Amino acid sequence: MTTKGATAEGTKRYAERMSAVAAPSHFRVQQGLAMSSIGLGTYLGHWDDATDKMYQDAIRRAIELGCNVIDSAINYRFQRSERAIGAALQQVFESKAASRDEIIIATKGGFFPFDSEPPRDARRWVIENVIEKGIARSEDIVGGSHCMSPGYLEDQLTRSLSNLGTDSIDVYYIHNPETQLESVTRDEFNKRIRAAFEFLEQAASDGRISLYGTATWNGYRQPAGSRGYLSLEEMVKIALEVGGEKHRFRVIQLPYNLAMPEAITEATQIVEGEPVSTLMAADRLGITAMCSASILQAKLTQSLPPFVSEALTGLSTDAQRAIQFARSTPGVTTALVGMSQRSHVEENLGAARVPPASVDDFFKMFSNKPL
């Protein structure tokens with residue numbers, strides 16, 4: 001097991017060393033860490049040994065090419081993605097290709113992860129492995145699949161630390177907390193998120209995580225008043241009440257890409273009474289924004305309209321252009337891209353050699369061009 005976590009000194013060292021393969025502006029300093037503008041996601045793929053090995057190779061290659069943000073969730077591929085990351089990083093550290101303080105590891109807890117493969121009877125698995133063991137109560141569980149009670153998060157964090165082979169996770173997200181709003185009232189949700197934040201603040205004080213946040217799909221993209229809507233200002237208010245001015249609720253993740261631009265185009269958030277986009281709200285509230293689904297599970301890797309290549313120059317493939325759109329967006333720190341194959345890593349990280357588009361070039365795509 002590796003000790004400590006990402007540091008300002010370590011990530012700066014990594015960014016400087018990567019100057020041979022990445023443009024300097026590929027790295028952005030957020031929360032004191034130099035974060036690569038392209039991160040590796042580990043959501044997709046079959047739950048088999050062959051995919052595990054592909055991910056390990058992809059992760060090693062990504063680190064060589066300037067990617068120091070690795071994102072996962074305990075339920076991705078039934079815990080296999082976390083374990084593949086742990087195995088890959090162990091190889092990286094042993095080979096001295098990078099050190100632990102240079103790499104930012106992010107993962108999530110909330111959905112039931114099962115173990116290595118889907119169980120024959122999911123309901124029975126939950127009863128035997130969660131409820132009967134006292135990890136969570138049945139009333140804490142929503143939709144038979146989601147829980148964010150402190151006891152459950154404790155169990156999941158402990159498992160993630162073991163899977164990843166580290167004693168500290170740099171960013172720990174509550175995974176799609178808006179799922180809870182499908183079954184509980186807004187008041188009950190706020191009680192549950194407060195309890196979760198209290199647990200995560202303690203985990204941060206204990207050194208098991210550095211920062212925490214919420215990784216969402218719909219929560220920050222929906223208009224206020226929607227059932228699953230999340231107010232970022234309200235999340236920060238709760239974090240302040242729980243952790244004070246030095247609270248560790250500092251990162252959010254939400255989908256953002258050429259086909260799903262709501263994070264910048266829709267004023268879904270209210271900050272100090274003013275309607276603003278999620279990315280603007282995050283900036284005003286001191287929250288780092290990571291975007292998922294940058295190439296929309298490969299749907300944006302071909303046949304993009306000509307105005308995209310006209311605005312985003314210097315790139316050779318539509319996959320790179322889609323990534324460039326996301327990483328060039330004001331307010332986005334890291335564009336996460338699912339990459340389980342070495343060839344995809346090499347293609348996608350090719351975008352890191354090119355500086356992000358200027359603000360003027362970026363907004364050219366919005367001029368009379370519907371996204």
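In the predicted model, strands S11 and S12 run parallel and are joined by 3 bridges. Within this pairing, Met 290 has Thr 334 of S12 as its bridge partner. On its other partner, strand S8 (residues 249–255), S11 (residues 288–292) pairs in the parallel sense over 5 bridges. There, Val 251 is matched with Thr 288 of S11.

Strand S11 is largely enclosed by the rest of the structure, because 5 of its 5 residues are buried. Both of its faces are covered. Thr 288, Met 290 and Ser 292 lie on one side, and Ala 289 and Cys 291 on the other.

These pairings belong to a closed barrel of 8 strands. Its order is S3-S4-S5-S6-S7-S8-S11-S12, and the pairing is parallel. From one strand to the next, the twist averages 30°. Strands of a sheet pair through backbone hydrogen bonds, in either a parallel or an antiparallel sense.

Strand S3 pairs with S12 as well. The two run parallel and are joined by 4 bridges. Gly 39 stands opposite Leu 336 of S12 in this pairing. S3 also pairs with strand S4 (residues 69–71), in the parallel sense, over 2 bridges. Here Leu 40 stands opposite Ile 70 of S4. The side chains of S3 were also assigned to directions. Ile 38 and Leu 40 point one way from the strand, while Gly 39 and Gly 41 point the other way. All four of these residues are buried.

Helix H11 (residues 318–328) lies across three strands, namely S3 (38–41), S11 and S12. Relative to S12, H11 runs at about 150°.

The largest pocket has a volume of about 730 Å³. It is lined by 34 residues, and the closest to its centre are Tyr 43, Leu 44, Ala 293, Gln 297 and Gly 338. Two elements give two or more residues to this lining: strand S12 (332–338) and helix H12 (342–348). By class, the lining of the largest pocket divides into 14 nonpolar, 17 polar and 3 charged residues.

Two non-glycine residues with positive phi were examined. Leu 296 has a phi of about 50°. Leu 296 lies in the loop between S11 and helix H10 (306–311). With a relative accessibility of 18%, Leu 296 counts as buried, because the cut-off for that class is under 20%. Ser 116 has a phi near 75° and is likewise not a glycine. The loop that holds Ser 116 runs between strand S5 (104–109) and helix H4 (122–131). Ser 116 has 23% relative accessibility, so this residue counts as partly exposed.

Two helical residues were also examined for burial and contacts. Glu 82 is placed in helix H3 (residues 80–94). Its relative accessibility is 0%, so Glu 82 counts as buried. Residues up to four places away in sequence aside, Glu 82 touches Ser 72, Ala 73, Ile 74, Thr 107, Arg 159, Ser 160, Asn 163 and Leu 164. Among these contacts, Thr 107 falls in the range of strand S5 (104–109). The C-alpha atoms of Glu 82 and Gly 165 are separated by 9.1 Å, with the two positions 83 residues apart along the chain counted as their spacing.

Ala 62 is found in helix H2 (residues 49–64). At 0% relative accessibility, Ala 62 also counts as buried. Outside the residues up to four places away in sequence, Ala 62 touches Tyr 14, Leu 40, Cys 67 and Val 345. Two of these partners belong to elements already described. Leu 40 is one of the residues of S3, and Val 345 falls in the range of helix H12 (342–348). Ala 62 and Pro 223 are 161 residues apart in sequence. In space, their C-alpha atoms are 36 Å apart.

Terms used:
Residues are numbered from 1 along each chain as its sequence is written. This is a predicted model: local features need pLDDT of at least 70, side-chain atom pairs count only at pLDDT 80 or more; totals for chains, interfaces and linings use all residues. Side-chain values use heavy atoms; hydrogens and water are left out. On a 1 Å grid over the protein atoms alone, a cavity is a set of points where a 1.4 Å probe fits but cannot get out, and a pocket is an open set with protein on both sides within 12 Å along at least five of seven lines; lining residues have an atom within 4 Å of a point. Grid points are joined across faces, edges and corners, and a volume is the space filled by probe spheres set on the points. Ala, Val, Leu, Ile, Met, Phe, Trp, Tyr, Cys and Pro count as nonpolar, Asp, Glu, Lys and Arg as charged, and the others, Gly among them, as polar. Two strands pair if DSSP finds at least two bridges between them. Axes are lines fitted to C-alpha atoms, for helices over the stretch in contact, and angles run from 0 to 180 degrees between N-to-C directions. Contact means heavy atoms within 4.5 Å. Buried means under 20% relative accessible area, exposed over 50%, partly exposed in between (1.4 Å probe, protein chains only).
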